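Work through the exercises below with the sequence and the model at hand. Try each task before reading its solution.

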Amino acid sequence: MNLSVKQSRARWLYWGLAGLLCLVWLATLASRPLFNPDEARYAEIPREMLQGGDWVIPHLNGLDYIEKPPLQFWATAATYRLLGVSEFSARLYTALTALATIALIGFLAARLWGGGAGWRAAAVLAGMFMFVVLGQLMTLDMSLTFWMTGSLAGFLLAQQSPSEERRWMLFAWVAAALGVLTKGLVAAAIPAAVLVLYSLWTRDYSLWRKLHLKLGLPLFLLVTVPWHWLAAQRLNDFLQFFLIREHFARYLTPIAERQEPWWFFGWVFLAGTVPWTVPALRVLVSGWRVSKGPFSPALFLWLWVVFICVFFSISDSKLMPYILPAMPALALLIGTQALPTLKRDLLVTSILTTGAALALGAASFALPKLIPDASPGRPYFLLLAKPVREVAVLLLVSGLYVWVNQVRDATRAAAVLGVGWCLAVLLLVRTASLVAPIYSGIDLAAALPTADRQAPLYSVRTYDQSLTFYLQRTVTLVGYRGELDYGLRKAPDREISEDEFLTAWNSQSKAYAVMDKRTFNTFKERGVPMRTVGETVGQVMVARP
């Protein structure tokens, strides 16, 4: 068989695998209920946006909520209008930005390093544990990652394509602007900082002349300024809260109560890059070595990865998804390594994958011993044994295939490992429906009789983000503020005290309330009249008799 026929068959194989992954990726979206708090929050805000018709100021439980910009809320609300309100439509935008990021990375690698590198980089990203999980969850981090990767890709292609320089740079400016409308100034600050670092590192300042500032900056402002201006007209303290508190104070102080040790993102990096942890560490350690000369995409990518990890490590606010924007660049660095080095790393990865499969298989049989008897979630976690064994089989097949074949073809090996891990993680995500009573309020929503959906509903000392989504209505807050504090300061009548609640409760013939079990037991001891209509692991819904 001649070389061209082999290459043609390989391309068809890779396109077939890509199509399979897209189908499974999208099919998994509706397989589980929305989890608290992030998924439910970011699903509820666009539902209220569509219902209330206010596309400038986002609302949560009917209250002003301006911690984040509105781009993803707009996109999700538009999806609701087209497809209806559901878990699938809620997660669709996030899933599409994840798949688009994989495609963009494959395209970028193919343009800069050749077709084989494109498939390898895409396979690495598609199989990366953190990327797959967050590509299935409704948070802002994946869409932010897509727009930041778009900005990065536009900039790199502008340096390599003189005839298309202006077009790609304008693309980079627009992508950065849409990133700002997704999660704030960080989408522009990180690319700018990496450009500064690259210029200082290489003493190459010619890149600044290729930014097309005269066109790019006005375009960036045209996209970003209108919403900020409109919001500032509506809320007189918008700039202070949104820009000062939610950007600078959140980063520089522990105001968000998300403090972690400085090395926190070290273990997130190790776990998040599975199964590519070995090559990830290799490129992280050696990526700075570059000879003097023309523009180096590899060095720029390395600085991008390192800066993001360091930038968030010195912040007083840390959450695991914060370093997700580093992962596409990391996948590029891994997939474009020299083939002898990459083959060695893929062989090690296949061996570790086989070991992980065997460990998961053993753990699935040992679950009854691993989960404490006193754990309230034990009955649900025990249900994971069978799907965990199925995950182990998928990993075992992909790991052994590459190991036995000794990575004769690096691109095929990367594709097999990437697809194997992607399908395994998607299967694991799908099984999250088995533990939904621990993390979601869908069962509480189902417990409320359909005929009483508009009856008074109180949320006592808690706020279940998913409950309002599934009931498609707001609740009356009792002794709870949390992240709704800003909106409650604007509308203080939307919260009542516990005494006011008990007075209203005792005077009503029909009412419902949601509370945690500790509050439920306290009220029960005090003789508050109520009967249980539904409960989850942590919460109870009660009715006024």
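The exercises that follow concern a predicted model.

**Exercise 1. The sheet**

Task: Give the order of the six strands in the open sheet, and state which strands stand at the edges.

Solution. Start with the order, which is S5-S4-S3-S6-S8-S7, with mixed pairing. Next, look at the ends: strand S5 (495–496) and strand S7 (531–535) each have a single partner strand, so one side of each is left without a neighbour in the sheet.

Then take the pairs one at a time. S3 and strand S4 (residues 476–478) run parallel and are joined by three bridges. In this pair, Tyr458 stands opposite Thr476. S3 also pairs with strand S6 (residues 512–516), in the parallel sense and over four bridges. Here Ser459 has Val514 as its bridge partner. S6 pairs in the antiparallel sense with strand S8 (residues 539–543), over five bridges. In that pair Val514 stands opposite Met541.

**Exercise 2. The two faces of S3**

Task: Sort the residues of strand S3 (residues 457–460) by face, and decide whether each face is covered or open.

Solution. The sorting rests on a general rule: in a regular strand the side chains alternate between the two faces of the sheet. Leu457 and Ser459 lie on one side of S3, and Tyr458 and Val460 on the other. These four residues are all buried, and both faces of the strand are covered.

**Exercise 3. The cavity**

Task: Find how many cavities of 30 Å³ or more the structure holds, and describe the lining of the largest cavity by class.

Solution. The structure holds one cavity of 30 Å³ or more. The largest cavity has a volume of about 40 Å³. Its lining consists of Ser459, Thr462, Tyr463, Asp464, Leu467, Thr468, Val475, Val514 and Gln539. Sorted by class, the lining has four nonpolar, four polar and one charged residues. Now return to the sheet: Ser459 and Val514, both in this lining, are bridge partners between S3 and S6.

**Exercise 4. Salt bridges**

Task: Compare the setting of the salt bridges Arg167 to Glu164, Glu246 to Arg245 and Arg489 to Asp485.

Solution. The general point is that side chains of opposite charge can pair when their charged atoms come close. The count for the model comes to 22 salt bridges.

- Arg167 and Glu164 meet at 2.4 Å, N to O. Arg167 is exposed at 53% relative accessibility, and Glu164 is partly exposed at 22%.
- Glu246 and Arg245 have their closest N and O atoms 2.3 Å apart. Glu246 is buried, with a relative accessible area of 6%, while Arg245 is partly exposed at 27%. Both belong to a network of salt bridges that also links Glu67 and Arg250.
- Arg489 and Asp485 have their closest N and O atoms 3.0 Å apart. They lie four residues apart in helix H23 (residues 485–490), about one turn of the helix. Arg489 is partly exposed at 48%, as is Asp485 at 26%.

**Exercise 5. Contacts of Val388**

Task: State where Val388 lies, whether Val388 is buried or exposed, and which residues Val388 touches beyond four places in sequence.

Solution. Val388 is placed in helix H18 (residues 385–405). Its relative accessible area is 14%, and the limit for buried is under 20%, so Val388 counts as buried. Leaving out residues up to four places away, Val388 touches Leu360, Ser364 and Leu428. For Ser364, the separation is 24 residues in sequence and 6.0 Å in space, C-alpha to C-alpha.

**Exercise 6. Backbone features in loops**

Task: Locate the cis peptide bonds at Pro37 and Pro275, then the positive phi values of Asn61 and Val407.

Solution. Begin with the prolines. A cis peptide bond with omega of about -5° joins Asn36 and Pro37; Pro37 sits in the loop between helix H1 (3–27) and helix H2 (38–52). Another cis bond, with omega of about 5°, joins Val274 and Pro275. The loop holding Pro275 runs between helix H12 (264–272) and helix H13 (277–286).

Now turn to phi. Asn61 has phi near 55° and lies in the loop between strand S1 (59–60) and strand S2 (63–64). Asn61 is buried at 1% relative accessibility. Val407 has phi near 50° and lies in the loop between H18 and helix H19 (410–430). Val407 is buried, with a relative accessible area of 3%.

Note on methods: Residues numbered from 1 in each chain as written. Predicted model: local features only at pLDDT ≥ 70, side-chain atom pairs only at ≥ 80, totals over all residues. Heavy atoms only, no water. 1 Å grid on protein atoms, 1.4 Å probe; cavity = no way out; pocket = protein on both sides within 12 Å on 5 of 7 lines; lining within 4 Å. Points joined across faces, edges and corners; volume = space filled by probe spheres on them. Nonpolar A, V, L, I, M, F, W, Y, C, P; charged D, E, K, R; others polar. Buried < 20%, exposed > 50% of the residue type's maximum accessible area, 1.4 Å probe, protein only. Contact = heavy atoms within 4.5 Å. Salt bridge = Lys/Arg side-chain N within 4 Å of Asp/Glu carboxyl O. Pairing = 2+ DSSP bridges.
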